[in-house]
Structures are given as C-alpha cells and as structure tokens.
Amino acid sequence: MKDTFFAALFLLTLCSFTNADFYVAPNGNDENPGTKSKPFATLERARDAIRVLKESVGLPSGGITVWIRGGDYQRDSVFQLTAEDSGTKESPVVYRSYFGERVRLIGGRKIKGFKPLSKQYDPSILPSIQPKARSKIFTINLRKLGVSDLGRLSPRGFGRASTPAHLELFFNGMPMTLARWPNDAWAKIADVPNGPQGGKFTYHGSRPSRWSKAADIWLHGYWTWDWADSYVKVRAIDTRAKEIITEEPHGVYGYKAGARYYALNLLEELDQPGEYYLDHVSGILYFWPPGPLDEAEVMVSLLEQPIMRLENVQHLTVRGLTFECTRGNGIEIKGCSDVLIAGCTLSNIGNTAVIITGSIRSGVLSCNLSHIGDTGISIACGDRQTLSPGRCFAVNNYIQYFSRWTRTYHPAISLHGVGNRAAYNLMCNAPHSAILFGGNDHIMEFNEVHHVCMETSDAGAFYAGRDFSWQGNVIRYNFFHHMGTADVRSVYLDDNLSGVRVYGNVFYKAKTGVCIGGGRNNVVENNIFVDCEPSVHIDNRGQNWAKPTVDGYMKQQLEAVPYRELPWKERYPMLLTIYDDDPGTPKYNKIERNISFGGKWLNIYSKNYDSTISIKDNLVDVDPCFVDAASMKFQLRDNSPAFELGFKRIPIEKIGLYKDKYRRVLPPK
C-alpha cells in the first residue's frame, strides 16, 4: 500500500507540477492520494505528503496549498509543523479552507444524551440542589461517553503561570458559567482577623453554610487590589466563626477587609440558565441549559496542548480556519519567519489564542477572536540586546471578550521585545487592558478601543510601566472611547515609564486620557480629548512613594541592557545620564498642540518641575468645530481654531477594521 501511494504521488507531481495541491476532507481517507476527488482525512497526512514532495522533486514554483474541505476536525493532539514543513519565498506553503466552506479544528467534542435530573441522579445529591432548579437541570455522564480527563481548577491569576483551563462547557458556541455565588455580583470580605497573610478571612451572612457537602470549592477574587485577581481553593469553612480558610497559594497580595470575591464550582449554586457543575468523582455533568437541548450544539473542551504549533517554520500561511473549544492555547508560533495567520476565527480558547515568540515578520491578520480565557495575541519578538526588530504584527483583528478566566494582565494584544506592531484592530468588552507593551520601538496605531477596563481600577487600556529602558514606543492614531470604571486611564504610562510618543489619538469619554505617572521624555502631541477627566495627568511619584522602585528595580532593569554601547547609546542617549539627573523627576515631557473640549484639561500633582515640561499651543475649552460630535465624528471642519495653533489633521477615517481579501465583512457599529 505504501509503494502504491508513493507511485501515485510521483505521477501526480510529474503530471501537474505547477498545481500540486493536496486536499483534506472529513470523509477522506489517508490511503487516498490527496486529490480533490480522493482527499486525505487528516492534516498530518497532507503535511507528510508535502514532506515527501519536497524530498523527491521539491516544492512547485508558486508554492503548494492544502485545501481543507468544510466540516469539523476533532483534535486529540497538537498539529505540529516544523522546519521541514517550511516553504520558501518563491514557493510558500498554505493551509486554508476551501472556498466558502467552514473548517473547524475543535479541541473538544460534542456531547449528546442529556437526561432530566429526575431520570438520572443519585438521590443523595438532591438536597444539594435548590428546589427551583431541580426541574430545570439536565445531566449526562461524561465518563460513560469516554471522557476520562475531566480537567481540574488551578490557582491561576495575577503573577501566576497560565495552566490549561479545566473542562469547560459550551452551548451553541457560547461559554457557560461554572455554578457560582453570587450569580452576577460580588461578595465582600468581612474581616481578616489573622492579618492579610493569614490565609483566612471572615464573611458576611450565612450563605456558605449551604456548602457543607461540597468537596471542591473555589473562590475568585480581587483580594487586595482591583488590578490583581486570582483563584484560590477552599480548605475549610467554619460556619460558627463565619470563617473561610484557603489552601496555598492564598489570594494574591493576601486578603483585605472589603475586598470582593465570589465562590464557584458549587452544585448548590446551580440556580440559573447557563450554569453547570461537573462532579469529578462520578463524571456527571449537571447543566441548566439556556435554551432547548434538542437542536443545540453542546461541546466540552478537552485538549490541553495547542491546537496548532509551528516551530522554526518559514514562509507558511494558515488561512480561513476556525480554532475553538480547547483548554489550552489556540496556536503557538516559535522561532519562525514569514508565518501568517490570516482570516481565521479563534473562539472559546482556554488560555491564549495566538502566541508568537522568537520569530520575525510573522503575525495575525484579519482574524476574529472572542471568548478567550487569557490573552488574545501575545507577541514577544526581536532582540533587546541588539535592538534588532522582530517586525511581528497583529493587524486588522477583531478581539473581544478576552481575559475571560484570568481577568487582569491578559490583554487583547501583548507586545514585548523590539519593533513589533499592533494596528487597525478593534478591541472591546473586557475587564482589564487592551494592549500591554514592554520593550522598544513598538508601534500601536489605528486601533479602536472601547469598553475595556470594565472590572478593574488603577488600570490602562494601553499600559506599560516601571522600566526606563523601554524606549521608542509610539501610540498614534487610535480611538479610545467609553472606558470602564472611574479610576481608568486610556494611555497609562505607569511608574516612571519614559520615552513614549502619544500622537494624533482621539479620546472620547475615556476617563483619564493620558497618564504620565512620573516618567520623562514623553510626548503628548496633536491629540483630541473630549469629555475626559482629565485629558492629561502628570505626577511625580518617582520622588515620593515610587522612589524605591526607581532606585532599585528600575536601575537593575536598565543595567540588564547594554545602554552604554551601540546601538543603544546612539538611539537613546538620554539613558546615559538619567541617574545623574534626578531620575524620579518627570522632566522633559511635552504636552503640545492638543485639543481638550469638555471634561477637565490638565491635572498636575506637583508644580516644582513645571519649568522642565513644555505645555503650549493647546486648544482648551474652545469649540474646535467638530464635524458631528454627537455621532462621534471628531474630524475638524476647515475653520477649526486648532489649525491656527499648528494642529495637524488626524486620519480618523482610517482607524479600525478594514476590508481585505481575508475580511470581507465588517462588524456592525
């Protein structure tokens, strides 16, 4: 059979050398030659066929495409591509969906056979279920369906490693809620009698007394700060003392009276549509469906590896595929060059949708990402020792409902390293930041950002901080609007971050527009601020409470890079003398040629450094003559007085998503 295959493959390549594509289909067979009429069944088979082709006659001129026919492909393991699967600049390799057909790579499986609770339950558990829910709950035994790995909850959260998510339940493409209390709000810590690090706290009311039979109770909370969340496991509950004792690791930064939390993984709290609970001992899944089960697609996540991993691959494109329902990451790209993920959909991912590390000229283009457990797109590319750029990118992506599990510091896009780009993305509907960046010479431009930082405070839509060596970053031509809670900054240059250029952005109802948290050499120029509180904030925290950070951690971070050598000393000469020039003082910032209308203009916490800051030619509380502010059309009419001050037109019409060959339709406004 193997000889027959190689013979067929050889004939195929000889007869159609310029069009040696392969096909994969759900009804295919890996014994087939991989033609359109006789496709393969698996991606691995197509990958191996390309390897044979490369070894025998080489890749055809113009490249080779693996056409994947529509349907569902359940992934029980990672689809791995390595250096031997590379294309070349002249002959790239493409894995893509067939024209107009939906291809889904699923890291879980569909489940059917739910029974009403009354027909399938252990009578001993009935008292645990609230009376109003008993007639609404359906059950299914996952172990009897062959699901042996039921997953586990873990103490993930701020400052903790991202472990694969537990088994999750999805109903018609939407993630369901692990049964919790309160349902849509937070409980508050009453007191911490053993102190913040005592590993226990007291609670209000008597609700935990209902959980006496629960064996695996977890809590999720913002235990001290509203920018740091974590999950903790309950070790014991003392209902007399109204005390909850947790297992290590305890809540991040310890516990604080008044801090918010909720309890989860409780059958006793399965009390509304969309909630579920999994008994890890019996394997029974309890579910109150939000709609009829008969025609619904119900899936559970299983795969803890990434669905696809590319390592040391060159000149390869993945186009038009859907990645969904997995406990781990969606796609991992490591040590690659010229790899493109284009026109794909990634949803219901347990951890990060796309991770790109140690690569060059690789990125994510025109994709839709939603309901992501952690980060949307994480890019860490480029060499900081030599300042060699990675030139990796996230462009024209629609990213929403991210940070679904780990609620803080897992943004839509993470940029680290040197010389990467996030542009033309729409990022919205999330508890914390849209972009976190660190490193040098990144460009963040033409993005639209709204309704982020909805659950956190002391937070920024675009955020970085605490490193003088992070220089040369540019934030330009972005539209920030309708930010979250009161204590939110749209652009947050935290804890003495320096050397950032904020140019040509539009801020509307964006809380604090730009916060310069003690840093220097930052430029805030040619921006439009409307109804912000305030438009610009400057403080001198490096001279007071943040001084130990400036003198300690930030100095160590600076010494970790060769800032006294080329190309560093030529690119960022100010670093050579920064510790001889009052490093905690926010000197040399420029606030020039901005428009501020409505709200408050400027907040300066100390004025002993005014002489070192340039604040000039700003149009404040004068009608700037917007085209139509009520419709968020903040283009300026020709008669705007801002032009007399040197203000330059902002290309607002170019901000946000655009149509291309990968994105044919734009989402409704």
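1. Start with a pair of facing residues: glutamate 311 has lysine 334, in strand β26, as its bridge partner. Keep in mind as you look that this is a predicted model. The two strands involved here are β23, residues 308–311, and β26, residues 331–334, and they pair in the parallel sense over 4 bridges.

2. Now move on from β26 to strand β29, which covers residues 354–357. These two strands also run parallel, joined by 4 bridges. Try finding isoleucine 333 in the model; its bridge partner in β29 is isoleucine 356. A general reminder may help here: strands of a sheet pair through backbone hydrogen bonds, either parallel or antiparallel.

3. For antiparallel pairing, turn to the open sheet of 4 strands, whose order is β7-β22-β10-β11. Which strands stand at its edges? They are β7 (108–110) and β11 (174–175); each has a single partner strand, so one side of each is left without a neighbour in the sheet.

4. The partner of β11 is worth a look too. Strand β10, residues 169–171, is joined to β11 by 2 bridges, and the two run antiparallel. Within this part of the model, phenylalanine 171 stands opposite methionine 174 in β11.

5. Next, the pockets. The largest pocket holds about 820 Å³ of space. Its lining is made up of 31 residues, and those closest to the centre are Thr177, Arg180, Tyr262, Arg404 and Arg407. You will meet β11 again here, since β11, β12 (177–178) and β19 (260–264) each supply at least two residues of this lining. What classes of residue make up the lining of the largest pocket? There are 16 nonpolar, 8 polar and 7 charged residues.

6. The second largest pocket has a volume of about 680 Å³. Lining it are 24 residues, with Phe158, Tyr409, Tyr463, Arg466 and Asp494 nearest its centre. Several elements give two or more residues to this lining: the strands β35 (413–418), β38 (435–440), β41 (459–465) and β44 (488–494), together with the helix α4 (553–559). By class, the lining of the second largest pocket has 14 nonpolar, 4 polar and 6 charged residues.

7. A suggestion for your own viewing: begin with β26, which pairs with β23 and is also joined to β29. Then go to β11, an edge strand of the open sheet that also supplies at least two residues to the lining of the largest pocket.

Terms used:
Residues are numbered from 1 along each chain as its sequence is written. This is a predicted model: local features need pLDDT of at least 70, side-chain atom pairs count only at pLDDT 80 or more; totals for chains, interfaces and linings use all residues. Side-chain values use heavy atoms; hydrogens and water are left out. Two strands pair if DSSP finds at least two bridges between them. On a 1 Å grid over the protein atoms alone, a cavity is a set of points where a 1.4 Å probe fits but cannot get out, and a pocket is an open set with protein on both sides within 12 Å along at least five of seven lines; lining residues have an atom within 4 Å of a point. Grid points are joined across faces, edges and corners, and a volume is the space filled by probe spheres set on the points. Ala, Val, Leu, Ile, Met, Phe, Trp, Tyr, Cys and Pro count as nonpolar, Asp, Glu, Lys and Arg as charged, and the others, Gly among them, as polar.
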